[in-house]
Amino acid sequence: MKKILISSSKGRNLKEVLIFLKKKKIIINYKKNNRGLYFLTNKKNIYFLILKNNDFKKYIKNNLIDFLLIGEDMILNLNYNIFYNYKFIKINIFYISLICNNKFIIKKKFKITTKYIKISKNYLYNKNINFKLKKLSGCIENSCILKKSDIIIDIVSSGLTLKKNKLLELKKILILNNILIYSLNNLYNKFFWYLENKYVKN
């Protein structure tokens with residue numbers, strides 16, 4: 001049978017994704033400092049691929065992967081095509097929150113930093129908040145720590161990063177889970193290829 005390719009990112013969710021797959025009896029030989037991107041599993045013909053967040057759309061569009069485990073924030077923020085076949089799965093729950101320094105000051109116009117531009121704009125316009133929005137990727141907590149922003153809008157999971165950096169979670173604005181996206185075309189083609197080779201050609 002042709003190989004089945006499961007994919008995820010090397011971000012905050014990877015550890016939970018690996019645990020989730022292990023519960024489904026799919027074990028991947030991955031170690032924390034491993035720089036590899038393509039891994040064998042304990043199942044014949046099932047492989048695991050690590051992708052960058054910006055590459056997911058291209059891989060799905062061109063049917064290069066069969067299953068994609070991704071955070072719901074990626075779907076909402078990057079305009080992924082919601083007409084893909086997908087299913088919500090409980091790997092871990094996380095939030096998009098308003099975050100500030102411990103000394104929060106009310107202003108007429110807030111300087112806000114985030115990488116979640118679409119989600120942030122929808123919320124801020126809906127709440128009639130006057131803002132100047134700046135996009136930043138990576139460790140955006142520094143923008144708040146260095147007082148370059150009044151507020152940041154970012155993912156919060158355990159809250160440990162906020163506590164260690166003396167930041168305050170003002171409000172959870174969105175509760176998120178994970179999504180399993182799958183390519184029915186790919187799976188059908190591989191299944192029929194298997195049937196043809198097993199029962200027709202032999």
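This tour moves from the whole chain to its sheet, then to a helix, a buried residue, a surface patch and the salt bridges.

**The whole chain**

Begin with everything displayed, and keep in mind that this is a predicted model. The protein chain contains 7 helices and 9 strands, and of its 202 residues 41% are buried. If you show the surface, you are looking at about 13,300 Å² of exposed area, of which carbon and sulfur atoms supply 54%. Among contacts with a separation of 6 or more, 67% are between residues 24 or more positions apart.

**The sheet**

Next, select the strands, which form an open sheet of 9 strands with mixed pairing, in the order S2-S3-S1-S4-S9-S5-S8-S6-S7. At its edges you will find strand S2 (38-40) and strand S7 (131-135), each of which pairs on one side only. As you turn the view, note that neighbouring strands of this sheet are turned against each other by 20° on average, with direction ignored.

Now select strand S9, residues 167-182, together with strand S4, residues 67-71; the two run antiparallel and are joined by 5 bridges. Within this pairing, Leu-68 has Ile-181 of S9 as its bridge partner. Add S5 to the selection, and you will see another antiparallel pairing, in which 13 bridges join S5 to S9. Here, too, Ile-181 is a useful landmark, since Tyr-86 stands opposite Ile-181 in S9.

**A helix across the strands**

Select residues 117-126, which make up helix H4, and keep the strands in view. Helix H4 lies across strand S5 (85-101), strand S6 (110-114), S7, strand S8 (151-156) and S9, and its direction is at about 170° to that of S7.

**A buried position in S5**

Move to Ile-99, which lies in strand S5. Is Ile-99 buried or exposed? Its relative accessible area is 1%, and because buried means under 20%, Ile-99 counts as buried. Beyond its neighbours within four places in sequence, Ile-99 is in contact with ten residues to pick out in the viewer: Cys-144, Asp-150, Ile-151, Ile-152, Asp-154, Val-156, Leu-162, Leu-167, Leu-168 and Leu-170. For a sense of distance, draw a line from the C-alpha of Ile-99 to the C-alpha of Thr-113, which is 14 residues away in sequence and 10.0 Å away in space.

**A nonpolar patch**

Select Phe-104, Ile-106, Leu-168 and Leu-170, and show their surface: together they make a nonpolar patch of about 360 Å². One of them, Ile-106, is found in the loop between S5 and S6, and with a relative accessible area of 73% Ile-106 is exposed.

**The salt bridges**

How many salt bridges does the structure hold? There are 2, and side chains of opposite charge can pair when their charged atoms come close. For one of them, select Asp-150 and Lys-107, whose side chains meet at 2.7 Å, N to O. This pair links distant parts of the chain, with Asp-150 in the loop between helix H5 (141-145) and S8, and Lys-107 in the loop between S5 and S6, 43 residues apart. Asp-150 is buried, at a relative accessible area of 15%, whereas Lys-107 is partly exposed, at 39%.

Finish with Lys-172 and Glu-169, whose side chains also meet in a salt bridge, at 3.4 Å, N to O. Lys-172 counts as partly exposed at 43% relative accessibility, and Glu-169 is partly exposed with a relative accessible area of 25%.

Notes
Residues are numbered from 1 along each chain as its sequence is written. This is a predicted model: local features need pLDDT of at least 70, side-chain atom pairs count only at pLDDT 80 or more; totals for chains, interfaces and linings use all residues. Side-chain values use heavy atoms; hydrogens and water are left out. Two strands pair if DSSP finds at least two bridges between them. Helices (H or I, at least four residues) and strands (E, at least two) are DSSP runs, numbered from the N terminus. Axes are lines fitted to C-alpha atoms, for helices over the stretch in contact, and angles run from 0 to 180 degrees between N-to-C directions. Contact means heavy atoms within 4.5 Å. Patches are made of residues with over 30% relative accessible area and no salt bridge: like charges are joined within 9 Å, nonpolar side chains (Val, Leu, Ile, Met, Phe, Trp, Tyr) within 5 Å. Accessible areas come from the Shrake-Rupley method with a 1.4 Å probe; for residues, only the protein chains shown count as cover. A salt bridge is a side-chain nitrogen of Lys or Arg within 4 Å of a carboxyl oxygen of Asp or Glu. Buried means under 20% relative accessible area, exposed over 50%, partly exposed in between (1.4 Å probe, protein chains only).
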